[in-house]
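Reader: I would like a close look at one strand pairing and what surrounds it. Please keep it plain and give the cut-offs as the terms come up.

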Amino acid sequence: MKIVTWNINGIRTFRSGIKKALDSLDADIICVQETKVTRDLLDERTAIVDGYSSFFSYSRGRSGYSGVATYCKDRATPCAAEEGLTGLLTSHDGAVGCYGDQTGFSNEELQLLDNEGRAVITQHQVTSEDGTELITVINVYCPRADPEKPERKQFKLQFYKLLQSRAEAILKSGSHVIVLGDVNTSHRPIDHCDPSDIDDFKENPGRKWLNRFLHCNHDDQDGGDEDLDEEQEAPETHSEGGKFVDMFRFFHPTRLNAFTCWSTMTGARQTNYGTRIDYIFADCELAKEQFVGADIMPEVEGSDHCPVWGELRCCLLPSPKPPPFCTQYLPEFTGKQQKLSRFLVKMDQKMPQSDGKAELPGSQEEDEKRENLNPRGQKRPADSALPKAKKNKITKPHGNLLAFFKPKTANVVSPVEPTDKQSENNLNQDEVNSTPNPPVTHRVTDTAGVCPSRESEEDKHNVRADGLTSHAPTHASDSKKGSVFWKSVLKGPPPAPCCKVHGEPCVLRTVKKEGPNVGKQFFVCARPQGHASNPEARCNFFSWVEKGK
């Protein structure tokens, strides 16, 4: 049995095809996070993949946000599955159950914790030396604590608390439990590219929760680096703490620079300047008796995260058919006729009827307002005030077929007297009719490649009322003057200085974080972000762009 977890940063990561991407991961159960797809945007190509059953959880409040999905090969079809951690989203048979103690949460809190589409749970039957057992896989995308939104920090801790309660309740019921996904917290200093750069690293509430959630085996971490030994002495890391094991550290307790997430804005993946925040956690008994390996896959690109895999020696027993939560049972994918009522929305019958005197949206132009206020068939008061010349502009001039074959010119030709143009059209038509089988190209252009009728129209257009001939404006000079004007107004970015260490041109950045410097521009080294000891990484060059430049 092989499992993989991967934050794909959008389902569009699988540009080469969903099935091809899933097959390339070579796993029985593939858990992806941050799909950024809601149910109305989920298409059949993504939901129904040949050889797999899929289970999706979506964000209820925001589109293109969060979301997790679990794909199970046919030989790993689960016997039970459900969405969310609270049970509030489960209204079908075949649910996993075992919701634990939720007395510390209000109903509103429970609903909010499940509304962002952050968890999918599948339960599988396996065979081992001890007989048939159950393994429950909890696929989670834990919230990120935004420093600018203090309420999200509390939301993240509440999600951790709910996750632990549910996982331990399922474990207590007799099933083995695997929790995997993007936890959005690096556990120890060894899991961070630069822990010394973070104040109170060990005091982070997320790390303290991991210390309580995970079982710390001192024998597995002997020989670790100095930071790891110091972390062992923390009171939260004693072996009686948690019921789950970090499977990567179980097999690789002292491996350095093993990261799963990098900043794409700074190109940090090129210098491996990242963090390890994607995990596979397993209960202690399962970890010791069934797991044979676990590792990260930094060579797999396509996202700002890399996949993590784990392999067990037990064999899967597929269920005869997927549970009701499976995506293939959604009405839009079953091929059944849906009721018309699903496409209709009830309207409030007491809504006031809009009348013509109501004020129209401010985004409309004056002409649009006038049109809406005066339905067709009613005479507009403003029509009588309009001069007749403007009314005649609405009339479309008559033309003949040859006009469509004339070459385009830069000058716009305004319509001339209707009587002269009509007679000219009649003349051209007589010429065409009098010539047997006239070649079209012969009538369109003369030997010089210029249309005769076009010349006459341009001559008429260039004759002013006083009988003097006006010359066409020089467009080259006008465009030159316009470009000079716009260059004086829009000066463009200032020339980039070179950084002091590498002597290479810097890149221009803009401050987007709210504060006194928001909107200001600055130059930094163009190289990817990395550790200060790495000579190939970005140097500390920094320069504000002076005003007026």
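Reader: Which residue in strand 14 stands opposite Ile3?

Author: Gly310 of strand 14 stands opposite Ile3. This is a predicted model, in which local features need pLDDT of at least 70 and side-chain atom pairs count only at pLDDT 80 or more, while totals for chains, interfaces and linings use all residues. Residues are numbered from 1 along each chain as its sequence is written, and side-chain values use heavy atoms, with hydrogens and water left out.

Ile3 belongs to strand 1 (residues 2-7), which pairs with strand 14 in the antiparallel sense over four bridges. Strands (E, at least two residues) and helices (H or I, at least four) are DSSP runs, numbered from the N terminus. Two strands pair if DSSP finds at least two bridges between them. Strand 14 (residues 308-312) also pairs with strand 13 (residues 291-296). The pairing of strands 13 and 14 is antiparallel too and runs over five bridges. There, Asp295 is the residue opposite Trp309 of strand 14.

In a regular strand the side chains alternate between the two faces of the sheet. In strand 14, Val308, Gly310 and Leu312 make up the covered face, and Trp309 and Glu311 the uncovered one. Thus the residue opposite Ile3, Gly310, is on the covered face, whereas Trp309, opposite Asp295, is on the uncovered face.

Beyond strand 1, the loop that leads to helix 1 (18-25) holds Asn9. Asn9 has a phi near 55°, a positive value in a residue other than glycine. At 31% relative accessibility, Asn9 counts as partly exposed (buried is under 20% relative accessible area, exposed over 50%, partly exposed in between, with a 1.4 Å probe and protein chains only). Lys36 is a similar case for phi, with a positive value near 60° in a residue other than glycine. Its place is the loop between strand 2 (29-33) and helix 2 (44-47), and Lys36 is partly exposed at 32%.

Ser53, in strand 3 (residues 52-57), is buried at 2% relative accessibility. Neighbours within four places in sequence aside, Ser53 is in contact (heavy atoms within 4.5 Å) with residues including Thr70, Tyr71, Cys72, Pro322 and Cys326.

Next come the helices. Helix 3 (residues 107-114) has Leu110, Leu113 and Asp114 as its buried residues. Seen down the axis of helix 3, the buried residues fall within an arc of 90°, so they line one face of the helix; the arc is that of the directions from the helix axis to the C-beta atoms. What they pack against is helix 4 (150-172). Helix 4 in turn packs with helix 5 (residues 205-213) at an angle of about 5°, the axes being 10 Å apart. Axes are lines fitted to C-alpha atoms, for helices over the stretch in contact, and angles run from 0 to 180 degrees between N-to-C directions. Helix 4 is therefore roughly parallel to helix 5 (under 35 degrees; over 145 is roughly antiparallel, 65 to 115 roughly perpendicular, and the rest oblique). On helix 4, the residues making this contact include Leu157, Tyr160 and Gln164; on helix 5, they include Pro205, Trp209 and Phe213.

A second place to look at strand pairing is an open sheet of three strands, in the order 16-17-18 with antiparallel pairing. Strand 16 (507-510) and strand 18 (542-544) are at the edges, each with a single partner strand, so one side of each has no neighbour in the sheet. From one strand to the next, the twist averages 30°. Four bridges join strand 16 to strand 17 (residues 521-524), and Leu508 stands opposite Phe523 in strand 17. Pro493 lies in the loop between helix 15 (475-489) and strand 16 and is exposed, with a relative accessible area of 64%. The C-alpha atoms of Pro493 and Leu508 are separated by 8.3 Å, with the two residues 15 apart along the chain.

Last, the cysteines. The structure holds zero disulfides, a disulfide being a pair of cysteine sulfur atoms within 2.5 Å. For Cys499, the closest cysteine sulfur is that of Cys539 at 4.0 Å, too far for a bond. Cys539 is in no disulfide either, and its nearest cysteine sulfur, that of Cys525, is 3.8 Å away. Cys499 is buried, with a relative accessible area of 3%, and Cys539 is buried at 13%.
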